Amino acid sequence: MTQSATLRDFICAEFAPDLKPGELPADLDLIDSGIIDSLGVLKLVAFLEGRFDIAIAPEELDADLYRTIDSIEALIAGKRIGSAA
Amino acid sequence: MSTANALTIAEPLCRASGLVPPTSRTSVHCRGRSIAYDSLAGEAARYRDLVNACAPDGAAVAICAEKTAATVAAIAGILMSDRPYAPLDPAHPTARLENLLDALRPGALICDEAGLRRLGGAARRARLAIIAIGGAGPGYSLAALKSARFRTPRPLAAILHTSGSTGTPKQVLISAEAIRVFAEWVTSEFALGPEDCVLSHAPFAFDLSFLDLFASLHSGASIALADAGAAANGARLIALLEEAGVTFWHSAPSALGLVAAAAGDRVFEAVRCVLFAGEPIADDLLQRLFAIFPNARLVNIYGCTETNDTFFFDVPRTDPPVPLPLGRPIDGVDFAILGEDRMPVPEGASGELAVHCPTMMERYGDERQTRKAIRSIGGRRYYLTGDRVRRDAAGLLHFLGRADSVVKLNGFRLDMAEIERVLHAHDGVREVAVFVTEDDGAKTLCASVSAPTEQLTGIDLRRHAMRVLPAHAIPRRFTFSAAPLPKNTNGKICRKTLARARLQA
């Protein structure tokens with residue numbers, strides 16, 4: 001499963017079980033649309049750390065970084081480049 | 001036992017049956033036939049005599065029959081015999097009806113063929129006198145019990161059953177005096193009179209039928225009976241409305257929804273009062289009603305089985321408030337708004353509505369239930385409605401939801417009724433119910449939505465709700481269907497059924 005599909009599956013299963021992972025627009029604002037709230041951001045961060053083996057610093061617990069699937073993927077990609085260097 | 005109160009209710013019938021010259025004016029219109037007051041009174045007197053012959057003094061008489069003029073006559077006859085009537089809806093499951101009959105221990109059972117199919121077996125096992133309606137049954141039996149089983153301290157007129165959120169129905173014992181006061185209020189507030197024809201939409205087992213039956217009989221208005229088939233069919237309701245010349249509509253909002261959907265361009269100019277009760281009315285439906293009933297006074301009525309109607313609000317045709325307030329108390333109604341400590345809340349704060357009124361029930365059949373529901377404040381009996389309300393600066397009461405519609409989820413207090421109101425305001429939503437499912441201790445906030453088009457998605461509704469509600473109040477799971485949401489027999493959306501279906505899915 002691709003990283004994007006894994007992420008979508010998690011978001012739908014955890015926060016919005018009535019939505020189909022494939023139908024979730026990559027640029028949908030997950031926070032403005034009520035899918036993820038502040039508690040949800042913490043759950044999402046825990047999932048990202050465990051599933052993608054990345055570390056998220058306390059200052060990165062800013063909800064704005066997790067607004068869309070695109071922005072979450074960008075965050076993961078940034079982490080991976082950072083750890084490879 | 002005093003007979004004065006019971007006679008007051010049946011007085012128009014008594015008058016028509018001989019004390020005053022008989023009248024040939026229509027009393028009941030049903031299935032395309034009209035029955036005049038004098039023949040209704042004659043029929044009622046026949047049932048009175050049968051009941052007197054079969055049932056012990058003061059014993060309740062159960063009646064399980066479809067909505068026909070004969071059933072109206074039988075109810076009037078029971079009242080003329082100075083006994084309370086206990087209506088049982090033949091549309092309900094046999095097992096439920098048998099349980100109700102068993103708990104009632106009535107002095108006799110009046111039933112038609114539909115009622116006999118449901119309760120004939122149980123009645124024979126209990127050696128209960130059966131009085132047949134319409135002559136199609138086995139005839140009446142005088143052989144059964146003669147011993148008094150059921151004595152009441154005050155003249156009772158009716159025993160209704162509430163569905164109850166616990167699932168166990170409660171017997172609600174209502175005095176003749178309570179019904180008389182109510183019938184008088186309706187007659188004077190709405191100037192109900194012999195020229196009027198009142199639509200009876202609710203089943204006789206439902207408290208809404210008190211207005212249809214007793215205010216009509218009290219004022220000399222005629223009654224147009226919508227039987228179970230017509231009650232659920234917009235086209236048939238419209239046919240009845242036109243055929244019987246209905247001037248006074250009274251029902252739950254859902255029935256008006258059926259009429260609005262089937263009316264097309266038609267308007268009903270003869271209707272001068274439209275009363276709706278039982279649940280909040282949708283704003284778009286209200287707008288339709290203004291168009292369909294151009295000459296009608298539209299009134300939002302609030303009440304419950306235990307108190308009958310207690311608040312009402314005349315809906316202005318221009319800029320009606322959304323949602324509609326419950327309005328002002330009816331004459332004689334006193335109320336208190338209680339906080340979680342069961343003490344009156346400060347002015348303007350929300351709390352549970354407690355009502356003291358002359359139309360209140362005597363008690364429940366079960367004394368323990370009565371003690372839980374009735375609270376004495378300053379020496380007066382107040383019924384705890386279980387509804388959360390707020391009183392505004394103008395003195396109008398606003399409904400906020402059931403006291404038990406507030407849940408705690410993840411540490412947040414959520415009002416499911418408020419979430420429903422917000423979701424319902426979306427154009428694509430026809431009906432919505434918000435509820436909490438609990439699976440292995442994990443609570444999930446769910447919304448079931450009935451939407452006429454398939455385009456509406458969970459994303460649309462979440463975004464819509466987020467404009468007004470905090471994120472923690474957004475349901476986690478939305479379910480959509482084109483079909484209407486499941487209703488109980490009173491026409492209210494059944495959240496328990498939805499929650500069960502959700503867990504089994």
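Let us start with one residue: Ile131(B) sits in strand S6 (residues 129-132) of chain B. Helices (H or I, at least four residues) and strands (E, at least two) are DSSP runs, numbered from the N terminus. Ile131(B) has a relative accessible area of 0%, so it counts as buried. Here buried means under 20% relative accessible area, exposed means over 50%, and partly exposed is in between (1.4 Å probe, protein chains only). If you look for Val61(B), you will find its C-alpha 10.0 Å from that of Ile131(B), although their positions lie 70 residues apart in sequence.

Before we go on, a word about what you are looking at. This is a predicted model, in which local features need pLDDT of at least 70 and side-chain atom pairs count only at pLDDT 80 or more, while totals for chains, interfaces and linings use all residues. Residues are numbered from 1 along each chain as its sequence is written, chains are lettered from A and ligands numbered from 1 in the order in which they are written, and side-chain values use heavy atoms, with hydrogens and water left out.

Now step back to see chain B as a whole. It has 15 helices and 26 strands, and of its 505 residues, 55% are buried. Contact means heavy atoms within 4.5 Å. Taking the contacts in chain B between residues at least 6 apart in sequence, 61% join residues at least 24 apart. The surface that chain B exposes comes to about 21200 Å², and carbon and sulfur atoms supply 50% of it. Such accessible areas come from the Shrake-Rupley method with a 1.4 Å probe; for residues, only the protein chains shown count as cover.

A second buried residue is worth a visit. His92(B) lies in the loop between strand S4 (85-88) and helix H4 (94-104) of chain B, and its relative accessible area is 9%, which makes it buried. The His92(B) side chain makes a polar contact with the side chain of Arg96(B), at 3.1 Å. A polar contact is a pair of N or O atoms within 3.5 Å; within protein, one must be able to donate a hydrogen and the other to accept it, and residues adjacent in sequence count only if both atoms are side-chain atoms.

Next, follow chain B to helix H14 (residues 458-466), whose buried residues are Gly458(B), Ile459(B), Leu461(B), Arg462(B), His464(B) and Ala465(B). These buried residues pack against H1 of chain A, together with helix H13 (416-424), strand S25 (442-450) and strand S26 (477-481) of chain B. At the N-terminal end of H14(B), Thr457(B) acts as a cap: one of its side-chain oxygens lies 3.2 Å from the backbone nitrogen of Ile459(B).

That brings us to the place where the chains meet. The size of an interface is often given as the accessible area lost when the parts come together. Chain A and chain B bury about 1100 Å² between them, with 59% of it on carbon and sulfur atoms; this buried area (1.4 Å probe) is summed over both parts. In this interface, 18 residues of chain A are in contact with 13 residues of chain B. How many salt bridges cross the interface of chain A and chain B? The rule finds 1, and it joins Arg462(B) to Asp18(A), with the closest N and O atoms 2.8 Å apart. A salt bridge is a side-chain nitrogen of Lys or Arg within 4 Å of a carboxyl oxygen of Asp or Glu. There are also 4 residue pairs in polar contact across the interface of chain A and chain B (both at pLDDT 80 or more). On the side of chain A that touches chain B, helix H1 (residues 3-15) gives the most, with 3 residues.

Finally, let us look at salt bridges elsewhere. Over all chains, the whole structure holds 22 of them. Asp227(B) pairs with Arg236(B) in a salt bridge whose closest N and O atoms are 3.6 Å apart. Asp227(B) is buried, with a relative accessible area of 9%, whereas Arg236(B) is partly exposed at 41%. Another salt bridge brings together the side chains of Glu242(B) and Arg266(B) (3.9 Å, N to O). Glu242(B) lies in helix H9 (residues 234-244) and Arg266(B) in the loop between helix H10 (253-263) and strand S12 (273-277) of chain B, so this pair ties together parts that are 24 residues apart in sequence.

Methods
Buried area is the accessible area (1.4 Å probe) that two parts lose on being put together, summed over both.
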